[in-house]
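Me: Could you take a close look at one part of this model for me, the helix that lines the ligand site, and then walk outward from there? I would like one connected account that I can follow with the structure open beside me.

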Amino acid sequence: MHALSTIADIRTAVAAARLAGQRIGCVPTMGALHAGHLSLIDEAHRRADFVIVTIFVNPSQFAPTEDLDQYPRPLEDDLSRCRHAGVQAVFVPEADALYPPQFETWVDLDHLPTILEGASRPGHFRGVATIVLKLFNIVQPDVACFGAKDYQQQTLIRRMCMDLNLPTEIAVCPIIRESDGLAMSSRNAYLSPEERTAALSISMVLHMAEELVDGGINDVREVESTMLAHLQATERVEPEYAVLRHPDTLRELTDVGSPMVALIAARVGKTRLIDNALLTPP
Ligand code: AMP
């Protein structure tokens, strides 16, 4: 496995793989790899021959008040996980190489960055869209794998690829959970044992929404307010939103339609967690 930090080196490795007739797969990450990331790598192996994992804690998607400095960076462990997963190359660029001093070109979308995660984290999706397009331009993958865990992120990336006519195919992989239901996240490492228990309310409330919809409740507001009330009633949990939205556009719904996505963002202690579930009314 190659661990490469310069743009020139990763381009050379990709060019050699292409010359050998290989399909290029890319898995963009911020590192601190867990089973969720590994499932993306497995999917990339199913869809491509030469799999590149990018590890970059992208400063432009963090607001000044967020956890850029604390974000875990266990690089040796990450490289070893990639090696075991049969990854062909890991791209670990320096921030200066991607954002040189004169940098001034950004990718922004009209609507998606203004709602939900974007409303809570101004500038976040501009940073995400920009880094993903830059990584795609550097790696030029045939396919790139993203997790449904970051539902709005994958929605926005698919939209960007369509709008900008990018040839990269986007594969969206299911959320990998701990055995008790908590969605895996690099940020779970911030949780105290009590917070870890409280955080379970998020996946439980998503399950509850599923049951309400399965049970025939078709008033979107009723489901949303029940979700919110359960989260608010849980000690150590401060919900930011608990909503049902259209699964492609994330626009608001008037009635329970088919299908929908239930999305939650909540602070558990100081840690901000997100999770979601696709709901299909009977
Ligand atoms: P991150 O390193 O958190 O930026 O995530 C990199 C990629 O892994 C993104 O496409 C995430 O959606 C995906 N991912 C993170 N957690 C999970 C999970 N629990 N299950 C599936 N994919 C995940």
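Reply: Happy to. One term comes first: a residue is called buried when its relative accessible area is under 20%. Please also keep in mind that this is a predicted model.

Let's start with helix α2, residues 35-47. Its 13 residues should span 18 Å at 1.5 Å a residue, and the end C-alpha atoms are indeed 18 Å apart, so the expected and computed lengths agree. The buried residues in α2 are Gly36, His37, Ser39, Leu40, Ile41, Glu43 and Ala44. It helps to recall that an α-helix has 3.6 residues a turn, so residues three or four places apart point the same way. As for what lies over the buried residues of α2, the cover includes the strands β2 (24-29), β3 (50-55), β5 (143-147) and β6 (169-173).

Gly36 is a good residue to click on next. It belongs to α2, and its relative accessible area is 13%, which is under the 20% limit and therefore buried. Look at what sits beside it: leaving out residues up to four places away in sequence, Gly36 touches Ile176 and Met184. The pairing with Ile176 brings together two places that are 140 residues apart in sequence, yet their C-alpha atoms are 5.0 Å apart in space.

Those two partners of Gly36 lead us to the ligand. The ligand is surrounded by 17 residues, and the closest are His37, Gly147, Asp150, Ile176 and Met184. So which element gives the largest share of the shell around the ligand? That is α2, with three residues. Backbone atoms also approach the ligand. A backbone N or O atom of Met30 lies 2.9 Å from a ligand oxygen atom, and a polar backbone atom of Gly147 is likewise 2.9 Å from an oxygen atom of the ligand. With Ile176, the ligand atom is a nitrogen, 2.9 Å from a polar backbone atom of that residue. Taken alone, the ligand would expose 480 Å², and the protein buries 93% of that. The elements giving two or more residues to the shell are β2, α2 and β5.

From the ligand site, let's move to the packing of the protein itself. The largest nonpolar core holds 44 residues, and Ile10 and Ile52 have the most contacts inside it. Helix α6 (residues 124-139) gives the most to this core, 10 residues. Setting aside neighbours within four places in sequence, Ile10 is in contact with Leu4, Ile52, Ala89, Phe91, Ile138 and Val139. Another core lies apart from this one; it has 28 residues, among them Ala242, Val256, Ile264 and Leu279.

Helix α6 deserves a moment of its own. It has 16 residues and reaches 22 Å from first C-alpha to last, close to the 22 Å expected at 1.5 Å a residue. Of those 16 residues, 13 are buried, so α6 is largely enclosed by the rest of the structure. Just after α6 comes Gln140, in the loop between α6 and β5. Its phi is near 45°, a positive value in a residue other than glycine. Gln140 is partly exposed, with a relative accessible area of 48%.

Leu116 makes a nice counterpart. Its phi is near 50°, again a positive value in a residue other than glycine. Leu116 sits in the loop between α4 (95-98) and α5 (117-120), and at 8% relative accessibility it counts as buried.

Two serines in loops round off the tour. Ser60 lies in the loop between β3 and α3 (75-84). The side chains of Ser60 and Tyr99 are joined by a polar contact of 2.8 Å. Beyond neighbours within four places in sequence, Ser60 is in contact with Tyr99, Trp106, Gly123 and Gly127. Ser192 is found in the loop between β6 and α8 (193-214). With a relative accessible area of 23%, Ser192 is partly exposed. In sequence, Ser192 and Thr271 are 79 residues apart, while their C-alpha atoms are 9.9 Å apart in space.

Methods:
Residues numbered from 1 in each chain as written. Predicted model: local features only at pLDDT ≥ 70, side-chain atom pairs only at ≥ 80, totals over all residues. Heavy atoms only, no water. Core = buried A, V, L, I, M, F, W, Y, C linked by side-chain atoms within 4.5 Å. Buried < 20%, exposed > 50% of the residue type's maximum accessible area, 1.4 Å probe, protein only. Helix = DSSP H or I, 4+ residues; strand = E, 2+ residues; numbered from the N terminus. Contact = heavy atoms within 4.5 Å. Expected span 1.5 Å × (residues − 1). Near = heavy atom within 4 Å. Polar contact = N/O pair within 3.5 Å; in protein donor to acceptor, adjacent residues only side chain to side chain. Areas by Shrake-Rupley, 256 points an atom, 1.4 Å probe, with all protein chains shown as cover.
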